[in-house]
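Hi everyone, thanks for making time today. I'd like to walk you through a structure that is probably new to most of you.

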Amino acid sequence: MAADNRPTSPHIGIYRWQISMVMSILHRLTGVWLSLGALALVYWLIAAGFGPDAYASAQVLFASWLGQLLMWSWCFSLFYHLCNGIRHLFWDAGKGFEIRSMYISGFSVWIISGLMTLLAILFVYQHGGGT
Amino acid sequence: MNFRTPLGRARGLGSARCGTDHWLAQRISALALIPLVLWFTASMMFYMRADYVSVLNWLHSPINAVLLVLMLTALFYHAYLGLQMVLEDYIHNEWVKVSALLSVRFACISLAAAGIFSVLRIAFGG
């Protein structure tokens, strides 16, 4: 096609990395990653529905170091996507477009989702997750 | 040889006229997910590593079962809308795009059905 030879508009490679683009890309990445987390959630529910043996083997998988790593990555992704999603909803309502408030809300998303993840980790390992 | 007029060729290739609906549906499902996800993560803090009996007891409560069914519905709907956008943005081959969109759609609906069935099975079962 002739269209292939046309010059393309400036793309990611030409821009200096900045918080707004990093956060936007990460919003999509965490969204896709959370879809895989939903798969794990359905597996957990199916295992619980199947009976104690299936549930026990699911718990072994989730308790492994890889399982824990995945779990906490989904936990952070969820809090990040949640906080940044709320930020997006404010933008949709026409609020917070000034550069200054964009930076403030952006850093707040990092701090709040990081803190929520940290608190969740501390709580689960302190209280043994209800076991 | 193609005898169709330029207008005939262009018709139906423009806006699908459902962009606003998609945008709104994504926001509304996001709004619904805020309280549901907060409730779910708070519950998971307690039940993530819990034994079989306490998880069953948790799912036997009608409130928890209904909230979980609502969350799974909103979650997979929201996930499909988001994944659809990502696929439409980055896949340019029409056939690959359509197959990917259909696969993701079927996967989301199947997973939602399987998850909801499991919750109801536990909620109604012994």
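I'll start with where the two chains meet, and then move on to some helices of chain B.

Please keep in mind that this is a predicted model. So, how many residues of chain A are in contact with chain B? There are 28 of them, and they touch 30 residues of chain B. On the chain A side, α1, α2, α3 and α4 each supply at least two residues. The biggest giver there is α1(A), with 12 residues. By type, that side of chain A has 18 nonpolar, 8 polar and 2 charged residues.

Now let's look at α2(B), residues 19-47. With 29 residues at 1.5 Å each, this helix should span 42 Å, and its end C-alpha atoms are 39 Å apart, which agrees. There is a bend of about 35° at B:Leu33, with a proline, B:Pro35, following within four residues. B:Leu33 is also buried, as are others in α2(B), including B:Ala30, B:Val37 and B:Phe40. What do the buried residues of α2(B) pack against? Their partners are α3 of chain A, plus α3 and α4 of chain B.

That brings us to α4(B), residues 62-90, and α5(B), residues 94-124. Their axes come within 10 Å and cross at roughly 170°. Angles over 145 degrees count as roughly antiparallel, and therefore that is how α4(B) and α5(B) run relative to each other. Among the residues that meet are B:Leu72, B:Phe76 and B:Tyr80 from α4(B), and B:Val104, B:Cys108 and B:Ile116 from α5(B). This contact divides into 18 nonpolar, 3 polar and 3 charged residues.

Thanks for listening!

Definitions and conventions:
Residues numbered from 1 in each chain as written. Chains lettered and ligands numbered in written order. Predicted model: local features only at pLDDT ≥ 70, side-chain atom pairs only at ≥ 80, totals over all residues. Contact = placed C-beta atoms within 7 Å. Nonpolar A, V, L, I, M, F, W, Y, C, P; charged D, E, K, R; others polar. Axes fitted to C-alpha atoms, helices over the stretch in contact; angles between N-to-C directions. Parallel < 35°, antiparallel > 145°, perpendicular 65-115°, else oblique. Expected span 1.5 Å × (residues − 1). Bend = angle between axes of the 7 residues up to and from the residue. Buried ≥ 20, exposed ≤ 12 C-beta atoms within 10 Å, placed from the backbone.
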